[in-house]
Amino acid sequence: MTSETITADAAGTWKLGDLSVSRVGFGAMRLTGSAAFHFGTPSDRQRSIAVLHKAVELGVTHIDTAAFYFSALRSANELINTALAPYPDDLVIATKVGPYRDYSGEWGTPARPDQLRGHVEENLRQLGRDHLDVVYLRRMRQDSIAEHFGALAELREAGLIRHLGISAVEPRHLAEAQAIAPVVSVQNRYAVDRLDPVDDEVLRVCGERGIAFVPFYAVAGEAGAKGGTTAHDDEVLAVARAHGVSPAQVRIAWTLHQGPHVLAIPGTGNPDHLAENVAAGALRLTTDELARLNAAREQAG
């Protein structure tokens with residue numbers, strides 16, 4: 001594959017409600033530094049802006065962000081606003097609310113239901129929007145999400161939010177949310193080297209109900225917010241060698257192969273890595289390769 005010539009069209013599209021998005025999107029978490037939050041060094045501002053321009057040039061129409069994506073010097077939402085406003089008509093920006101970081105970067109108490117409007121309005125302000133395309137409620141270990149999700153449903157009725165999603169949930173939380181308002185997407189941790197029966201079930205249920213499943217840390221793996229993993233399974237490395245691609249591209253391709261409703265949101269602050277991530281949408285894994293990767297995942301789990 002020649003990364004620079006492959007666009008997001010290669011992976012196809014999916015709909016978040018009435019909004020069509022590229023199945024290979026862009027996660028904004030790594031825009032702000034060498035690792036997310038306070039774990040790395042702040043990014044070069046112009047390079048981060050160049051990454052966003054390149055994403056749009058390569059046909060990416062789905063950006064995932066949050067007001068709590070910031071480093072000591074950079075804010076993901078502010079970078080997105082600076083680089084892309086006025087926004088292309090086909091660009092869908094998804095954000096999430098619930099977690100909270102103070103100005104020093106320390107994690108604070110998650111939002112109560114009555115505080116979620118403030119979280120939504122902060123994202124609106126930073127992005128320069130009058131409404132948010134998709135807002136996820138990130139569950140913060142609470143047993144029930146009904147009260148929090150209900151508060152977001154009210155903001156949807158008020159016109160501040162177009163569509164709703166939920167994150168870090170179990171199947172019962174999806175049922176709970178759907179009883180209140182439509183859910184267009186679910187964002188859970190999911191990766192080729194991470195076996196979790198609960199997340200596998202959420203993926204399956206989403207497919208049955210036509211809901212997007214959007215894995216996070218699919219490339220980072222166990223490294224999580226600290227950046228992309230270098231600990232690749234032997235089968236991932238073997239498939240990468242067979243196709244002449246990077247292990248990260250295999251991880252993205254495997255993610256997309258889990259179902260047409262699965263969307264990838266790999267993040268990076270490097271324009272070259274961005275092109276590789278988008279090009280992974282054109283990588284077609286064989287039935288045998290998928291079986292080997294799945295077997296390794298089962299064994300690791």
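These are my notebook entries on a sheet, a pocket and three single residues that I looked up in a predicted model.

**Entry 1: the sheet**

I began with the strand order, and I found an open sheet of seven strands that runs 3-4-5-6-7-8-9 with parallel pairing. At its edges I noted strand 3 (26-27) and strand 9 (212-213), each of which pairs on one side only. For my own orientation I added the general point that strands of a sheet pair through backbone hydrogen bonds, either parallel or antiparallel.

I then followed strand 6 and its two partners. Strand 5 and strand 6 pair in the parallel sense over four bridges, and strand 6 and strand 7 pair, also in the parallel sense, over six bridges. Going through the residue pairs, I found Ala 94 opposite Val 134 in strand 6 and Lys 96 opposite Tyr 136, again in strand 6. On the side of strand 7, I recorded Ile 166 as the bridge partner of Leu 137.

Next I asked how many residues of strand 6 (residues 132-138) are buried. The count is seven of the seven, so I wrote strand 6 down as largely enclosed by the rest of the structure. Strand 7 (residues 161-167) is mostly covered, with six of its seven residues buried.

**Entry 2: the second largest pocket**

I looked up the second largest pocket, whose volume is about 360 Å³. Its lining is made by 16 residues, and the closest to the pocket centre are Ala 67, Tyr 100, Arg 101, Glu 122 and Gln 126. By residue class, the lining divides into seven nonpolar, four polar and five charged residues.

Which elements supply at least two residues each of this lining? I noted strand 5 (92-97) and helix 3 (116-127), and the largest share, five residues, comes from helix 3.

**Entry 3: Leu 124**

Staying with helix 3, I checked Leu 124, which is found in that helix. Its relative accessibility is 9%, and because buried means under 20%, Leu 124 counts as buried. Not counting residues up to four places away in sequence, Leu 124 touches Arg 129, Asp 130, His 131, Leu 132 and Leu 160. I also took one long separation, from Leu 124 to Ile 252: the two are 128 residues apart along the chain, and their C-alpha atoms are separated by 30 Å.

**Entry 4: Arg 297**

I turned to Arg 297 in helix 10 (residues 287-300) and asked whether this residue is buried or exposed. With 6% relative accessibility, Arg 297 counts as buried. I then looked for what its side chain reaches, and found the backbone oxygen of Ala 191 at 3.0 Å. Leaving aside neighbours within four places in sequence, I listed the contacts of Arg 297 as Tyr 190, Ala 191, Val 192, Arg 194, Leu 195, Asp 196, Asp 200 and Trp 254.

**Entry 5: Thr 7**

My last look-up was Thr 7, which is found in the segment before strand 1 (13-16). Thr 7 counts as partly exposed, at 29% relative accessibility, since that value lies between the 20% limit for buried and the 50% limit for exposed. Residues up to four places away in sequence not being counted, Thr 7 touches Leu 58 and Val 278. I also noted its separation from Leu 195, a residue I had already listed among the contacts of Arg 297: Thr 7 and Leu 195 are 188 residues apart in sequence and 30 Å apart in space, C-alpha to C-alpha.

Conventions
Residues are numbered from 1 along each chain as its sequence is written. This is a predicted model: local features need pLDDT of at least 70, side-chain atom pairs count only at pLDDT 80 or more; totals for chains, interfaces and linings use all residues. Side-chain values use heavy atoms; hydrogens and water are left out. On a 1 Å grid over the protein atoms alone, a cavity is a set of points where a 1.4 Å probe fits but cannot get out, and a pocket is an open set with protein on both sides within 12 Å along at least five of seven lines; lining residues have an atom within 4 Å of a point. Grid points are joined across faces, edges and corners, and a volume is the space filled by probe spheres set on the points. Ala, Val, Leu, Ile, Met, Phe, Trp, Tyr, Cys and Pro count as nonpolar, Asp, Glu, Lys and Arg as charged, and the others, Gly among them, as polar. Buried means under 20% relative accessible area, exposed over 50%, partly exposed in between (1.4 Å probe, protein chains only). A polar contact is a pair of N or O atoms within 3.5 Å; within protein, one must be able to donate a hydrogen and the other to accept it, and residues adjacent in sequence count only if both atoms are side-chain atoms. Contact means heavy atoms within 4.5 Å. Two strands pair if DSSP finds at least two bridges between them.
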